[in-house]
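Got your viewer open and a few minutes to spare? Let's walk through this model together, one selection at a time.

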Amino acid sequence: MKEGIRFGVAGCPPNFWKSRYGRDSVNNPLWLASIGLDAYEIQFTHGIRMTRERALLARKNADASGIALSIHAPYYVVFTSTKKEVVENSIELMLRCLEFASYLGTRKVVLHPGPCQGNAHDAMKRCIDNLKVVHKYTDNKDALIYAETVGRMGYLGSLDDVMYMCGELEFLRPCLDFAHIYAQRGGGLAEKGDFREIFDRLKELGGRLSLDEIKGLHCHFYPIEYGESGEKSHKNYKEGNYGPRFESFLEVVLEYGLSPTIICESKDAQDEDALRMKAYYYSLLDKEMRKTI
């Protein structure tokens, strides 16, 4: 067993609400552990709808069940904006997210950088400058912000963008959303070489990140529908032949000796598809172990 690899979900899947734990979302960590998963990304995407007391209870349940927590910041945190009011509100929201990260006992706060308002160079500069303000004023200096690759054209968040930002800011880390990369590229993440190329890019951060951090990548994986403008909608693996597929991805994860946290965002089936990925990964690992006997 590769120490550290985790499979989990974003939000509370429909199956959670049908379970005996489903009366309260703070029980999601207990339910995830009961079905064999071990990571949970709490969705603040539409706002921080949690009190400090409930955050501490969610943390208690996660600690008791061995679930690794992360947070996804609100979609309307937009550090690329040219509007002063939007930026001020975004900074305030992000500071609140970092505050709640301390209550929840996680260092991971995932962020969409925002649309490229104006030209891309200026949008990047605004984003970096505003993130510096957040880091200056947060009391939670131990927290890390994970810049997520995005799946829509005209947004800051290509793989190149994320790599550049992480090279510039010591408190920033990459969150590779492989479905978004797939949508941005118009497909193409099918062969092992496609994933090797992406993982090899992470080595460029070797001067900034430790080997353990690179191996312990935080990522999102699920199938997606895309069009000319990129991402259209999340899908699940029962809905049809949507990509990216997880088989080649997990084969390269094992080949490279990585131990990522893999968050599944499949539509209404996060848990089911996360378990599919986990089962496939451990089938590969079992084959590798048998070769050594």
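Before we start, one term: two residues are in contact when heavy atoms of theirs lie within 4.5 Å. Also keep in mind that this is a predicted model.

**Stop 1: the whole chain**

Show everything as a cartoon and color by secondary structure. You'll find 11 helices and 12 strands. The radius of gyration is 18 Å, close to the 19 Å that the globule rule gives for 293 residues, so the protein is as compact as a globular protein of that length. Turn the C-alpha trace along its principal axes and the spans come to about 60 × 45 × 35 Å.

Now switch on the surface. About 13,400 Å² is exposed, with carbon and sulfur atoms supplying 48% of that area. Buried residues make up 52% of the 293. If you take contacts with a separation of 6 or more, 77% of them join residues 24 or more positions apart.

**Stop 2: a helix under cover**

Select residues 246–255, which form helix α10. How many of its 10 residues are buried? Seven are, so to speak, under the blanket, and the helix is mostly covered. Pick out F246, S248, F249, L250, V252, V253 and L254 to see the buried ones.

What do they pack against? Add β1 (6–10), α7 (178–184), α8, β9 (218–220), β12 and α11 (270–291) to your selection, and you have the partners of those buried residues. Before moving on, click G257, which follows α10 and has a positive phi, near 70 degrees.

**Stop 3: L156 and its neighbors**

Next, go to strand β7, residues 155–156, and select L156. Is L156 buried or exposed? Its relative accessible area is 1%, and the cut-off for buried is under 20%, so L156 counts as buried.

Show the residues around L156. Leaving aside those up to four places away in sequence, L156 touches T80, P113, G114, P115, C116, A120, A123, M124, C127, V150, D161 and M165. One of these, A120, makes a nice distance to draw: A120 and L156 are 36 residues apart along the chain, with 7.3 Å between their C-alpha atoms.

**Stop 4: helix α6**

Two of the names you just lit up, D161 and M165, are also on the list for this stop. Select residues 159–168 for helix α6, where L159, D161, V162, M163, M165 and C166 are buried. Which elements cover them? The cover includes α5 (120–137), β6, β7, β8 and α8 (192–202).

**Stop 5: R208, in a loop**

Follow the chain to the loop between α8 and α9, where R208 sits. R208 has a relative accessibility of 34%, between the 20% and 50% cut-offs, so it counts as partly exposed. Beyond residues up to four places away in sequence, R208 touches C166, G167, E168, L169 and E170. For a distance across the model, draw a line from R208 to L98: they are 110 residues apart in sequence and 22 Å apart in space, C-alpha to C-alpha.

**Stop 6: the pockets**

Bring the surface back and look for the largest pocket, with a volume of about 830 Å³. To land in the right spot, select Q43, F44, T45, H46 and Y75, the closest to its centre of the 34 lining residues. Elements that give two or more residues to this lining are β2 (39–43), α3 (52–65), β5 (114–115) and β11 (230–234). Among them, β2 gives the most, with three residues. Color the lining by class and you get 15 nonpolar, 12 polar and seven charged residues.

The second largest pocket has a volume of about 540 Å³. Of its 31 lining residues, K108, Y146, G216, H218 and T261 are the closest to the centre. Elements supplying at least two residues each include β2 and α3, along with β6 (144–148) and β12 (261–264). Here the lining has 15 nonpolar, eight polar and eight charged residues.

**Stop 7: a hidden space**

Last stop: go inside. The largest cavity has a volume of about 30 Å³. Select L98, H135, T138, N140, A143, I145 and F171 to show its lining. By class, that lining divides into four nonpolar, three polar and no charged residues. You've already met L98, at the far end of the line you drew from R208.

How values were computed
Residues are numbered from 1 along each chain as its sequence is written. This is a predicted model: local features need pLDDT of at least 70, side-chain atom pairs count only at pLDDT 80 or more; totals for chains, interfaces and linings use all residues. Side-chain values use heavy atoms; hydrogens and water are left out. On a 1 Å grid over the protein atoms alone, a cavity is a set of points where a 1.4 Å probe fits but cannot get out, and a pocket is an open set with protein on both sides within 12 Å along at least five of seven lines; lining residues have an atom within 4 Å of a point. Grid points are joined across faces, edges and corners, and a volume is the space filled by probe spheres set on the points. Ala, Val, Leu, Ile, Met, Phe, Trp, Tyr, Cys and Pro count as nonpolar, Asp, Glu, Lys and Arg as charged, and the others, Gly among them, as polar. Helices (H or I, at least four residues) and strands (E, at least two) are DSSP runs, numbered from the N terminus. The radius of gyration is taken over C-alpha atoms; the globule rule is 2.2 Å times the number of residues to the power 0.38. Buried means under 20% relative accessible area, exposed over 50%, partly exposed in between (1.4 Å probe, protein chains only). Accessible areas come from the Shrake-Rupley method with a 1.4 Å probe; for residues, only the protein chains shown count as cover.
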